[in-house]
Amino acid sequence: MLRAFLCGVFVLFSSVDAFGQDGYQKPPQAVLDILDAPAPPGLSVSPTGEHILLVQTARYPSIEEVAAPMLRLAGLRINPKTNGPARPARATGLALLPVTGGEPKALALPEHGRIGFPLWAPDGKRFAVENFTDAGIELWVCALDDPKLEPVKGVRLSAAVGSSVQWMPDGRSLLVQLVPDGRGEAPRPPAAPSGPVVQESGGTAAPVRTYQDLLKDPHDAALFEYYCTSQLAVVSGEPGNPTVRNVGRPAIHIGSDPSPDGQFVLAFRAQKPFSYLHPYTAFPRAVEVFKSSGERSATVAELPLQDKVPIEGVPTGPRAIRWVPTLPHALIWAEARDDGDPKKKVPHRDALVTATVGGEAVAGTELMKVEHRFAGLDFFPTGNRMLVRDYDRDRKWGRTFLAASSPVLADEPKLLFERSVQDRYGDPGAPLLRQLPSGHSVIRTAGDPAGDTIFMKGDGASPKGDRPFLDRYDLRTQKAERLFHCPEGSYEEVVRVLNGTGTKLLVRRESVSEPPNYFFRDGPHEKPLTTNADPAPELRKAKKQLVTTKRADGTAISFTLHLPPGHKDGEKVPGVFYAYPVEFASADTAGQVTGSPHRFTAVSGYSHLFFLTQGYAVMEVSMPIVGPPETANNNFVDQLNANAKAALDKAAELGVDPARVGVMGHSYGAFMTANLLAHGDLFKAGIARSGAYNRTLTPFGFQNERRTFWEAPEVYGRMSPFYHADKIKEPLLLIHGAADSNPGTFPVQSERMYQAVRGTGGTVRLVLLPHEDHGYAARESIGHVLHEQIAWFDRYVKGAKK
């Protein structure tokens, strides 16, 4: 026993190298100066478009905050102290100003605790925030006629799952989830197990993705039930003397929504038996309607465990259940007509069903059939009309129809748009929405009394980069009139349309040299609303350009090339190749340019762009994998190498030294990185963060791969860099969050990859970040990752022999 222990100690310490193991390290000072610059405020616009809240946030929590106690249950991460999410969003400052401009009025925040992001009432006259304290989550509100935050007395919110706070249509009361009265202490772990954990299958195929944070035993199930059980209630009145009216009884509420008239509440309740293989989103559930006065009205659906949903399929029974926003209390939902199986040949995959709530039963009436998979809908404010979208997965093709939202008026739907969902150049944009006084959203019509013109907003992708636009679209003629188009040489987009004619706008503008700021525009006149300063003026000396080229088979690819500050024409500098593979059904769409060369280069977190401060060029490369959706991955590795070679050849003409380039990526980009090192010799070293390397550990598909391991074992093997670890001879740095919750990227993926490369004689380093998720949050962790990345490439790329 002692011999085995000493051998283990030797293995651990023999792997320690010159990088050291002395706690969290810091990156170079030039990186720290940018990393610690204050974050610019975000904007929260009131539903009426009259007021703005400037929301200041803290960039990074401390490692102490990230390491706080956390329960990982059924796909949730829960802070047992607060009965809320383990790492909630947090605001550190709020300031109120009119959308037309003026001096921001700072609001005093609660002395103890941390507030979340504001939630506006439908009428825009007040907003609410959650305040996270060690004793629980409080509810605070602010009325704009006397802008100060006040606590709602006696309310303790339950925010572990579901919608903890929502405004009711009256704009004064709120639908909340409360911690149930008298629930007692949390279940204690048993001194000894009561028996084995048993699972059984009855012989029906039940593919499941590789999820994490699942329930492991009866004690986990008891904890899940304890922390996720909440009491729905309507809170009204003044904050200091509220009235609280319970709605139904305590249950595991995973969703809720008040009806447009405020008379009913739609509630989604998780039920037993729980699953050890699926997250809570697949648990059995009851969909019920309650009267807002408290008593139960009717059951909409009883849905079983979603454990037999085909890959890329949908569950059977009602799904996407929601209120019709233009009716007092009518529901609409989708139902599969192909048993949820995308491989079945049927004339219509889905149907839309409607029902009016009021009696003890909810009887649905089929409204329309949907040929391909239902992909969403939006309602018009008048005229009993809606836009319905469907999606053909075989062609990656999307369509939008104008259809009636009433069975009485059901005519043949009118096709408005269709295109490949990957065709960015042909994207007509998406309709803008607005909130009704009830709080429910509808399509924003463009000043036409009949409601036949709407606003459409899009990215405006083009071969020269994105140029966002705003159109007025006529449903009768199916023609668009351009109201706004981003000028050349900058990047500008409409954030909010503020009047019916589209002449008053809230605009966000940035350029290569100017950070993003917001402006109120009234016709030709505009007024600045924010004055954000450049947090990294030294980086403005970096050169940025959009580059297009073609790989050997003629497929176009593009990349953004950043040359470091001070770069001189003709000078060759080391490079960082950063990418993420994306599947495309056709070479035409794969070659389309993404992004804009005119955007401000903002650098934060553990970004690859920090390499610019150290004299590296940075390439942000599109990595298309082109082919039919069923078989695109058959030549995944070959296409990776073809993309990389084409990009490096072009970059060599523009100042990058092709003999000194390192490759790096995150998640699927890490998977790409390991494959490029295993199957080529284009790069001097690699950095792979939070990746998956052995695809047999994700046997029921991954990313956009539809086939299971048993249907395509050769493809799974060929794509898994773990199988080819003996070929990785270039130095590889593996980084992973030790608490990664992303499906498929278990930390063991990096641990086993490290052992495989090390055991076959490769140069490899593994950094596991305590308490970190798929993305890294703590200030100490981020600083250490930047230190590791720069030190690795300085050693093996910048210093490499040419």
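How many bridges pair S17 with strand S18, and in which sense do the two strands run? I would like to start there, because the pairing of S17 and strand S18, residues 285–291, is antiparallel and extends over seven bridges. Before going further I should say that what we have in front of us is a predicted model. Its mean pLDDT is 93, and 97% of the residues reach 70 or more. The exception I want to mention is the stretch of residues 1–18, where pLDDT stays under 50 and where the model has seven contacts beyond four places in sequence.

Let me stay with S17 for a moment. Within this pairing, Leu266 stands opposite Val289 in S18. Strand S17 itself, residues 264–270, is mostly covered, since six of its seven residues are buried. Turning to S16, we find six bridges that join S16 to S17, again with the two strands running antiparallel, and here Pro258 is the residue that stands opposite Val265 in S17. The hairpin that S16 and S17 make has five residues between the strands, and in this hairpin Gly262 takes a positive phi near 75°.

These strands belong to an open sheet of seven strands, whose order is S13-S14-S15-S16-S17-S18-S19 and whose pairing is antiparallel. At the edges we have strand S13, residues 165–167, and strand S19, residues 296–303, each of which pairs on one side only. From one strand to the next, the twist of this sheet averages 30°. Moving inward, strand S15, residues 230–238, is paired with strand S16, residues 241–258, in the antiparallel sense over eight bridges, and in that pairing Ser230 stands opposite Ala251 in S16. Packed on the sheet is helix H4, residues 218–228, which touches both S15 and S16, and whose direction makes about 145° with that of S16.

One residue of the edge strand deserves a closer look, namely Gln166, which lies in strand S13. Is Gln166 buried or exposed? With a relative accessible area of 14%, Gln166 is buried. Its side chain reaches the backbone oxygen of Ser256 at a distance of 3.0 Å. If we set aside residues up to four places away in sequence, Gln166 touches Leu119, Leu174, Leu175, Ser256, Asp257 and Pro258, and you will remember Pro258 as the residue opposite Val265 in S17.

Now to the other sheet I wanted to show, which is also open and has four strands in the order S34-S35-S36-S37, with antiparallel pairing. Strand S34, residues 491–497, and strand S37, residues 525–528, stand at its edges with a single partner strand each, so one side of each is left without a neighbour in the sheet. The twist here averages 30° from one strand to the next. Strand S36, residues 517–522, is joined to S37 by four bridges, and these two strands run antiparallel. To give one of the pairs, Phe520 has Lys527 as its bridge partner in S37.

Following the chain past S37, we come to the loop between S37 and strand S38, residues 543–550, and in that loop we find Thr530. Although it sits in a loop, Thr530 is buried, with a relative accessible area of 7%. Which residue does the side chain of Thr530 meet in a polar contact of 2.7 Å? The partner is the side chain of Asn517. In addition, a polar atom of the Thr530 side chain lies 2.9 Å from the backbone nitrogen of Tyr518. Apart from its neighbours within four places in sequence, Thr530 is in contact with Leu43, Leu54, Asn517 and Tyr518.

I will also point out a glycine, Gly398, which lies in strand S26, residues 397–404. Gly398 is buried, at a relative accessible area of 16%, and, leaving aside neighbours within four places in sequence, Gly398 is in contact with Asp390, Phe417, Glu418, Arg419 and Val421. From C-alpha to C-alpha, Gly398 and Gln422 are 9.4 Å apart in space, while in sequence they are 24 residues apart.

Finally, a word on the cysteines. Cys228 counts as buried at 1% relative accessibility, and Cys486 counts as buried at 0%. As for disulfides, the count comes to zero.

Key. Residues numbered from 1 in each chain as written. Predicted model: local features only at pLDDT ≥ 70, side-chain atom pairs only at ≥ 80, totals over all residues. Heavy atoms only, no water. Pairing = 2+ DSSP bridges. Axes fitted to C-alpha atoms, helices over the stretch in contact; angles between N-to-C directions. pLDDT = per-residue confidence, 0-100. Contact = heavy atoms within 4.5 Å. Buried < 20%, exposed > 50% of the residue type's maximum accessible area, 1.4 Å probe, protein only. Polar contact = N/O pair within 3.5 Å; in protein donor to acceptor, adjacent residues only side chain to side chain. Disulfide = S-S within 2.5 Å.
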